[in-house]
Amino acid sequence: MNKKKIYPQWFLILPLALYIVFFLLPSIMGILYSFTDWNVRSKGELNFIGLKNYIEIFTSNKNYTEGILNTLKFTVVSNIVKLIPALLLAIMLQEGLKGRNWYRTIFYLPSVLPFLIIGLTFTSILNYNNGLLNTVLDALHLDFMKQKWLSDLNVVWKSIYGVDAWRGIGYCMTIFLAGLNSIPKSYYEAASIDGANFFHKLKYITLPMLSGAITINLVFGLTYGLKVFDIIYVLTNGGPGHETEVITTYSYQLYANGYYGMSTALNTILFAITTVIGVCVVRYMSKQEVQQ
Amino acid sequence: MKKTLQNIIKQIVCIFLSLIVIAPFYMVVINSFKTKGEAARMSLRLPTEWVFDNYIQVIEKGKLLRGFSNSLLYAVVATVIAILGCAMAAYIISRRKTKFNQFVYYFILCGLFVPINYVTLAAVLKGFGLADTRLGMIIAFTSSMIPFCTFTIRNFMVSIPVELDEAGVIDGAGPVSLFFSIIIPLLKPILVTAFILEFMAVWSDFMTPLYLSSKSATWPMNLAVYNFFGKNQQYWNYVFADIVLTCLPVIIVYLLGQRYIVSGMTSGAVKE
């Protein structure tokens, strides 16, 4: 069989060309332009300014480093907040609960909604004066729990994690459920006969057999967390003050104000962080493929 | 006895969580039918007077029809191009395992993690004369989907036996007709899944239009709603009506295509 004839190489051209021109090229240009003073007033004339943008990011009093740290913090915390409840929920639904298909449909529903919509809806729900959350707390005589959810420095991150969990738990749960469904029931029966309790089963059967689902959840979760923008932009726009700024919100602000060079410098930092993590994950996946 | 008690507790937990999920939806829908003053109180009570006019107002004032047709155009065209192109690429990558093709595959996979640099993408589009055009938006959406589509379709392609290709060749099929008449029908499940997931992704995407479209003529529904909200923050009745209209299409697609979504998301989550 002539492979060249049956599988023509030109089948690759369209996606590869689009990927290179509109994905890769902007990324490379981003790195190059981050060393220039590119801004809204520079008309085709860019000056090479070396590391000045980066020095500005790490030394200025504008808290850019805080934004970078916030991105990392969000990535870690938001994933913990979602993955553990999602796993518990999946285990609960797995064991033949009545109406579980309904629950699955309902729990997954928020993750299909546009972030913008979720953000707008929760801007209203978390409103201090007459938002739904404080109204419900009032009605339950839990006034002491009432908060300025989006404007109190000590509470705002928790609100963001809460909204993000509302959106994302069902998504993670669905992936866990698929993994759980593939574990043979006989394993659990055998373990029960040997006198294993819930935690033994979790540690020795469920978690090891779920490694595929856990990997997928972690990969999705990491990339989502590092690139987070919409939900924070709509809920707090980085505020109060600069409390909830992340890399992408700073980067957008700089872009909107015409500081393109600075904006791409911040993007390049994000690019570097995700590339390191991405390369590790792709390597891991290609190794797994060899093993199969 | 212990089992039934356990089940009751589980049911209570699930019902409680379902209420937490559904309450915001209920609040938005019910308040979208109230007058301005009543909607601002954001309560869960039924409206004293049902105001259907809110919807007509937002569709006219918020220019939602144009936003809707833009969103539909971007979502359908970008997704179809990306899926067809990526299916062809995935076919070659999984069938002709040359060093070059393997490299191309992992090279494209990197795009799953790397963030798009919108600032320079806007400059590239401008260079092609595509800034602020519908075609430019479609190209931006299509290229952003390529890593994910190539990845999922290629994973599925591996399970289609090569013998089918050989049988097709013996029957005298050329490469193009082989691909379109034998491979594409076999790929249908994953193509449907990828279509649904990417359709919803474009519909929900906020960042791409925020960076790339400054003219209201090219705004998708998302951006039209956001800008409308910026101007009408006191009119929660309108905002809620806007939210309902933007959500409806994705919720309908979700309920119809639920089966495919779950199977696509989880391919790879299951150990074989």
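Trainee: How many residues of chain B are in contact with chain A, and what counts as a contact here?

Mentor: In this predicted model, 76 residues of chain B are in contact with 71 residues of chain A. A pair counts when the C-beta atoms lie within 7 Å.

Trainee: Which helix gives the most to that side of chain B?

Mentor: Helix H12, residues 236–266 of chain B, with 12 residues. By residue class, the side of chain B that touches chain A has 53 nonpolar, 16 polar and 7 charged residues.

Trainee: What makes H5(B) oblique to H7(B)?

Mentor: Start with the axes: helix H5 (residues 99–109) and helix H7 (residues 134–157) of chain B cross at roughly 130°, their axes coming within 8 Å. Roughly perpendicular covers 65 to 115 degrees, and roughly antiparallel needs over 145. The crossing angle falls in neither range, so H5(B) is called oblique to H7(B).

Trainee: Which residues meet there?

Mentor: From H5(B), Tyr105(B), Ile108(B) and Leu109(B); from H7(B), Ile146(B), Pro147(B), Thr150(B), Phe151(B) and Arg154(B). That contact divides into 6 nonpolar, 1 polar and 1 charged.

Trainee: How do you know what radius of gyration a compact globule of 272 residues would have, and what does chain B have?

Mentor: The rule is 2.2 Å times the number of residues to the power 0.38. For 272 residues that comes out near 19 Å, but chain B has 23 Å. The C-alpha atoms of chain B fill a box of roughly 75 × 70 × 35 Å along the principal axes.

Trainee: What is the make-up of chain B in helices and strands?

Mentor: Chain B has 12 helices and 0 strands.

Note on methods. Residues numbered from 1 in each chain as written. Chains lettered and ligands numbered in written order. Predicted model: local features only at pLDDT ≥ 70, side-chain atom pairs only at ≥ 80, totals over all residues. Helix = DSSP H or I, 4+ residues; strand = E, 2+ residues; numbered from the N terminus. Contact = placed C-beta atoms within 7 Å. Nonpolar A, V, L, I, M, F, W, Y, C, P; charged D, E, K, R; others polar. Axes fitted to C-alpha atoms, helices over the stretch in contact; angles between N-to-C directions. Parallel < 35°, antiparallel > 145°, perpendicular 65-115°, else oblique.
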